[in-house]
Amino acid sequence: MARAVADLVDRLDLGRDVCVGLSGGPDSLALTLGALRAGLTTTALVVDHGLQQGSADVARRAASAAESAGARARVLTVTVDGRGGPEAAARRARRAALDDARDGLPVMLGHTLDDQAETVLLGLARGSGPRSVAGMVAWADPWARPLLGVRRATTVAACAESGLTPWSDPHNDDPRFVRSRLRAEVMPTMEDVLGGGVAEALSRTADLLRDDVDLLDAMAADAMATVVEGDALRRVGVAALPRPLRRRVIRLWLLAAGATEPTARLVAAVDALTDDTAHGTVAVGGDVGVRVNAVADGELLRLRRDRR
């Protein structure tokens, strides 16, 4: 655990002061231990989402465990609400709280190889495209994931060897959540049917694909500079790009306009507007007061904001 942390810190030159996003579960608790044993000055940031009865006690116990191991600890209380269901809303609230509290330091997250495998499988099943299948990255400023090569069983063993009892989140066993069922039902079945090694194979797939995706994204960013005109896109220029670049340019354009993770279906619908014979609009987002549409407007593809 310490070696995984030290290798990432040294490779990225992250410095000797770090934060750890600590839930109290085995993965983040083992990560906290690994950071301390790697000789890092470690601050554990514990987010209390307030979604379960007794969550404040769970947060305090997690902070206490971190302090007993030699880390500093802070409990951050958040309000979970907004779009996208409870999982997405909790993730947004958690990330915002961690970002506010980190004081300029990198924040280590306890995602393991098992989490990576589940992310890849979900991306495949949902047809989310290569970026999703490429999984999580070890470093996306300020978030660091040193344990992407470490199995979940190893983090559980590390806590046991240190005499720490991690918290078991009941949401992890709740069949209402897709990832919980994936973890409890789908992955064990796949491991059985395919003779083992599935988690490692899925994680390896993410590693292999990520280099390709990063290269295409960089090429798309260069291509976008040649077809953008103000806050619009030149339709003929976009249409002339190879499809992998064209779709990425459109996605970058939508993100720059404030769209939240455009789906493959949305990008394809906007892509159809680059045809010089196409007309009409495609709804790309907005809020309670404004609707945002992509509009084929002569030689340009524009975003139009209409009040509801």
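Before I start, one definition: in what follows, Lys and Arg count as positive and Asp and Glu as negative, while His and the chain ends are not counted. With that in mind, and remembering that this is a predicted model, we can say that the protein carries 39 positive and 41 negative charges, and that the mean positions of these two groups lie 3 Å apart.

Let me now turn to the overall picture. The protein has 308 residues, of which 43% are buried, and its secondary structure comes to 12 helices and 11 strands. Its C-alpha trace spans about 70 × 45 × 40 Å along the principal axes, and of the roughly stated area that the protein exposes, about 16100 Å², carbon and sulfur atoms supply 51%.

Next, the strands. Strand β2, residues 41–48, pairs with strand β3, residues 72–77, in the parallel sense over six bridges, and within this pairing Ala44 stands opposite Ala73 of β3. Together with helix α3, which covers residues 55–69, β2 and β3 make a right-handed β-α-β unit.

How do strands β10 and β11 run, parallel or antiparallel? They run antiparallel, with eight bridges joining residues 290–297 of β10 to residues 300–307 of β11, and Asn293 has Arg304 in β11 as its bridge partner. Two residues lie between the strands of this hairpin, where Gly298 takes a positive phi near 65°.

Finally, consider Arg92, which is placed in helix α4, residues 85–101. Arg92 counts as partly exposed because its relative accessibility is 32%, and that class lies between the cut-offs of 20% and 50%. The C-alpha atoms of Arg92 and Asp81, which are 11 residues apart along the chain, are separated by 9.2 Å.

Technical notes. Residues are numbered from 1 along each chain as its sequence is written. This is a predicted model: local features need pLDDT of at least 70, side-chain atom pairs count only at pLDDT 80 or more; totals for chains, interfaces and linings use all residues. Side-chain values use heavy atoms; hydrogens and water are left out. Two strands pair if DSSP finds at least two bridges between them. Helices (H or I, at least four residues) and strands (E, at least two) are DSSP runs, numbered from the N terminus. A crossover is right-handed if, with the strands pointing away from the viewer, the path from the first strand over the helix to the second runs clockwise. Buried means under 20% relative accessible area, exposed over 50%, partly exposed in between (1.4 Å probe, protein chains only). Accessible areas come from the Shrake-Rupley method with a 1.4 Å probe; for residues, only the protein chains shown count as cover. The place of a charge is taken as NZ of Lys, CZ of Arg, CG of Asp or CD of Glu.
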